[in-house]
Amino acid sequence: MTSNAESGPASGNSPVGASGPTKSLWLHLLRVSALAGAAALVVCSVIALPLNGAKGALSSTFGGVLVMLFFGISLLVGHYVGRNNPSGAIGVFVATYFIKVVGFAAVLFVMGTPAWLHERWFLIGAVSAVVLWQAAEIYGFSKARLQIYNDPETKENRDA
């Protein structure tokens with residue numbers, strides 16, 4: 001079977017040129033996700049303030065910040081490990097997740113519930129941050145350019 005399609009111009013010969021892999025994928029995901037999580041915290045705090053005062057706003061912010069720290073640590077670990085061992089980044093990412101779950105649970109257990117904490121707004125802030133963080137992370141991964149093959153080195157690539 002043969003194709004009747006014309007070959008067209010060679011890849012990379014257009015004014016735009018060929019695109020490469022996303023530089024610093026993990027830091028890009030951290031930036032996009034942190035912005036989304038911060039937006040969730042602002043919205044929750046603005047809603048909580050007139051309903052339950054500063055206690056509600058602070059509680060929603062505290063819940064969201066804990067979530068953002070939890071997820072942010074993984075992305076930073078992925079970035080630092082991924083620079084030297086890209087294929088091992090996911091494994092370290094998973095191991096870090098387990099350590100964080102145990103660590104955050106221990107901290108929250110030892111710390112207990114502060115007197116100023118409004119439980120409902122804490123939960124709303126945390127859930128809002130999780131949902132928007134994960135949505136932004138999925139969006140960031142969907143837009144990432146991951147190089148699958150090692151392109152052969154050409155003279156043009158070395159001179160650029």
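Here is a chat between a visitor and a guide about a predicted model of one protein chain.

Visitor: Let's start with the overall picture. What makes up the chain, helices or strands?
Guide: Helices: the chain has 4 of them and 0 strands. Going along the sequence, you read α-α-α-α. Of its 160 residues, 29% count as buried.

Visitor: How do you know that distant parts of the chain meet?
Guide: Take the contacts in the chain with a separation of 6 or more: 81% of them join residues 24 or more positions apart.

Visitor: What about helix H3, and how does its reach compare with the expected span?
Guide: H3 covers residues 119–143, which makes 25 residues. From first C-alpha to last it reaches 36 Å, close to the 36 Å expected at 1.5 Å a residue. Several of its residues are buried, among them Trp121, Ala129, Trp133 and Gly140. Helix H1 (25–84) is part of what covers the buried residues of H3.

Visitor: Why is Ser33 called buried?
Guide: Buried means under 20% relative accessible area. Ser33 is at 0%, so Ser33 counts as buried. This serine lies in helix H1. Leaving aside neighbours within four places in sequence, Ser33 is in contact with Trp133, Ala136 and Glu137.

Visitor: What makes the link between Ser33 and Leu29 a polar contact?
Guide: The cut-off for a pair of N or O atoms is 3.5 Å. The side chain of Ser33 reaches the backbone oxygen of Leu29 at 2.8 Å, within that limit.

Visitor: Which residues touch the most other members of the largest nonpolar core?
Guide: That core has 17 residues, and the ones touching the most other members are Trp26, Leu29, Val67, Phe71, Leu75 and Trp133. H1, helix H2 (89–111) and H3 each supply at least two residues of the core. H1 gives the largest share, with 11 residues. As for Leu75, once neighbours within four places in sequence are set aside, its contacts are Trp26, Leu29, Leu30, Phe93, Trp133 and Glu137.

Visitor: How many aromatic pairs are there, and why is the pair of Trp26 and Phe141 called edge-to-face?
Guide: The structure holds 7 aromatic pairs. For Trp26 and Phe141, the ring centres are 6.2 Å apart, and a pair needs centres within 6.5 Å. Their planes stand at 90°, and over 60 degrees counts as edge-to-face, so the name fits. Trp26 sits in helix H1 and Phe141 in helix H3, 115 residues apart, so this pair links distant parts of the chain.

Visitor: Are those two residues buried or exposed?
Guide: Trp26 has 11% relative accessibility, under the 20% limit, so Trp26 counts as buried. Phe141 has 36%, which lies between 20% and 50%, so Phe141 is partly exposed.

Visitor: What makes Phe71 and Trp133 a stacked pair?
Guide: Their ring centres are 6.0 Å apart, within the 6.5 Å limit, and their planes are at 20°. Planes under 30 degrees apart count as stacked, so that is the name for this pair. Phe71 lies in helix H1 and Trp133 in helix H3, so the pair ties together parts that are 62 residues apart in sequence. Phe71 is buried, and Trp133 is buried too.

Visitor: Which residues do ring pairs link into a cluster?
Guide: Phe70, Phe71, Tyr97, Phe104 and Trp133 are linked that way.

Note on methods:
Residues are numbered from 1 along each chain as its sequence is written. This is a predicted model: local features need pLDDT of at least 70, side-chain atom pairs count only at pLDDT 80 or more; totals for chains, interfaces and linings use all residues. Side-chain values use heavy atoms; hydrogens and water are left out. Buried means under 20% relative accessible area, exposed over 50%, partly exposed in between (1.4 Å probe, protein chains only). Contact means heavy atoms within 4.5 Å. The expected span of a helix is 1.5 Å times one less than its number of residues. A nonpolar core is a set of buried Ala, Val, Leu, Ile, Met, Phe, Trp, Tyr and Cys residues joined through side-chain atoms within 4.5 Å. A polar contact is a pair of N or O atoms within 3.5 Å; within protein, one must be able to donate a hydrogen and the other to accept it, and residues adjacent in sequence count only if both atoms are side-chain atoms.
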